[in-house]
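Student: I've just opened this one and I'm still finding my way around. Could we go through it together, one question at a time?

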Amino acid sequence: MCVVELALFILVPLIAWVASVLGADVVNLVSEEALRWLFNHGAEMLSSPHLSLLILFLTAIGTLQESKLAHHIRILVIRNEAEPPHRKALIGSLLFFFTFLIILFLPVIFRFTALLSVTGTLLPASPWLSGFPLALFVDIILTSIIYVAFSSQLYGIEGITRMITQGFVRHGVWIAIVMMGGLLYHIIKYCIS
């Protein structure tokens, strides 16, 4: 995927330049105006709401994998067993997870208007719907940390930092792909507008 995006970074300016020379209604990316636009807005184009969600998602995946919470849930559910110290930690952390989830759904159940859309519904674009993935990922992160703390496997702030960064270590390439994809999308959109 990265190789494809890099190839497109080379091809798009070349195609835009050739198309503008041939008289097509395309912005030449090596013109003064396009270079100014690119340098002024490059950092904005790299960041996006999708990138923020991806970073939080990778953090949630990393903490979940590092805490081994998902593995112990599978053991408890499938085999109906867990090591005695982990059973209490598992129950306590899952209690936290579901309590957080219930609290997250309370505004929907009681129709809290501040989190509904302008039309008074959840769909198409309410603040609750936009913020739900963010809150869910935070719930997973906190649940994983609580599980590790309850099971006496947490080794200070360094342990929390290691848990949080594991998602980046294992799946960090997706951050680069999303950043480059966002930049490429905005460049192509600028060329054809």
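Student: Let's start with serine 67. Which helix does serine 67 lie in?

Tutor: Keep in mind that we're looking at a predicted model. The helix you want covers residues 49-67, and serine 67 belongs to it. That makes the answer helix α3.

Student: Is serine 67 buried or exposed?

Tutor: The cut-off for calling a residue buried is under 20% relative accessible area. Serine 67 has a relative accessibility of 0%, so it counts as buried.

Student: Which residues is serine 67 in contact with, leaving aside neighbours within four places in sequence?

Tutor: Look further along the chain for these partners. Serine 67 is in contact with Ser144, Tyr147, Val148, Gln153 and Met163.

Student: Some of those must bring us to another helix. At what angle do α3 and α6 pack?

Tutor: Helix α6 covers residues 127-150, and its axis is 9 Å from that of α3. For the pair, the packing angle is about 25°.

Student: Are α3 and α6 roughly parallel or roughly antiparallel?

Tutor: Angles under 35 degrees count as roughly parallel. The angle here is about 25°. The two helices, α3 and α6, are therefore roughly parallel.

Student: How many residues in the contact of α3 with α6 are charged?

Tutor: On the α3 side, the contact includes Leu53, Phe57 and Ser67, while α6 brings residues including Pro133, Phe137 and Tyr147. By class there are 13 nonpolar and four polar residues. The number of charged ones is zero: there are no charged residues.

Student: Which helix supplies the largest share of the largest nonpolar core?

Tutor: That core has 12 residues, among them Leu56, Leu90, Phe137, Tyr147 and Met163. At least two residues each come from α3, α4, α5 and α6. The largest share is five residues, and the helix that supplies them is α6.

Student: Leucine 90 is in there too. Which residues does leucine 90 touch, not counting those up to four places away in sequence?

Tutor: Leucine 90 is itself a member of the largest nonpolar core. Its partners are Leu69, His72, Ile73, Leu76 and Tyr147.

Student: How many residues are in the second, separate core?

Tutor: Some of its members are Val12, Ala16, Leu184 and Tyr190. Altogether, this separate core has 11 residues.

Student: Back to α3 for a moment. Are α3 and α8 roughly parallel or roughly antiparallel?

Tutor: Helix α8 covers residues 173-192, and its axis comes within 10 Å of the α3 axis. The two cross at roughly 175°, and angles over 145 degrees count as roughly antiparallel. So α3 and α8 are roughly antiparallel.

Student: Which class do the residues of the contact of α3 with α8 belong to: nonpolar, polar or charged?

Tutor: In α3, Leu51, Leu54, Ile55 and Leu58 meet Trp174, Ile175, Val178 and Met179 of α8. The polar count is none and the charged count is none. That contact has eight residues in one class, nonpolar.

Student: And what about α2? Is the crossing of α2 and α8 left-handed or right-handed?

Tutor: Helix α2 runs over residues 32-46, and it packs against α8 at about 145° with the axes 10 Å apart. Residues including Trp37 and Leu38 of α2 meet ones including Leu183 and Tyr190 of α8. The contact has nine nonpolar, three polar and one charged residues. As for handedness, the crossing is right-handed.

Student: Is leucine 95 buried or exposed?

Tutor: Leucine 95 lies in helix α5. Exposed means over 50% relative accessible area. The figure for leucine 95 is 58%, so this residue is exposed.

Student: How far apart in space are isoleucine 160 and threonine 63, C-alpha to C-alpha?

Tutor: Isoleucine 160 is in helix α7, residues 156-171, and is partly exposed at 22% relative accessible area. In sequence, isoleucine 160 and threonine 63 are 97 residues apart. In space, the distance is 8.4 Å.

Student: Last one, zooming out. How many helices does the protein have?

Tutor: Along the sequence the pattern reads α-α-α-α-α-α-α-α, and there are zero strands. Of the 193 residues, 33% are buried. The helix count comes to eight.

Methods: Residues numbered from 1 in each chain as written. Predicted model: local features only at pLDDT ≥ 70, side-chain atom pairs only at ≥ 80, totals over all residues. Heavy atoms only, no water. Helix = DSSP H or I, 4+ residues; strand = E, 2+ residues; numbered from the N terminus. Buried < 20%, exposed > 50% of the residue type's maximum accessible area, 1.4 Å probe, protein only. Contact = heavy atoms within 4.5 Å. Axes fitted to C-alpha atoms, helices over the stretch in contact; angles between N-to-C directions. Parallel < 35°, antiparallel > 145°, perpendicular 65-115°, else oblique. Nonpolar A, V, L, I, M, F, W, Y, C, P; charged D, E, K, R; others polar. Core = buried A, V, L, I, M, F, W, Y, C linked by side-chain atoms within 4.5 Å. Left-handed = near helix turned anticlockwise from the far one by under 90°.
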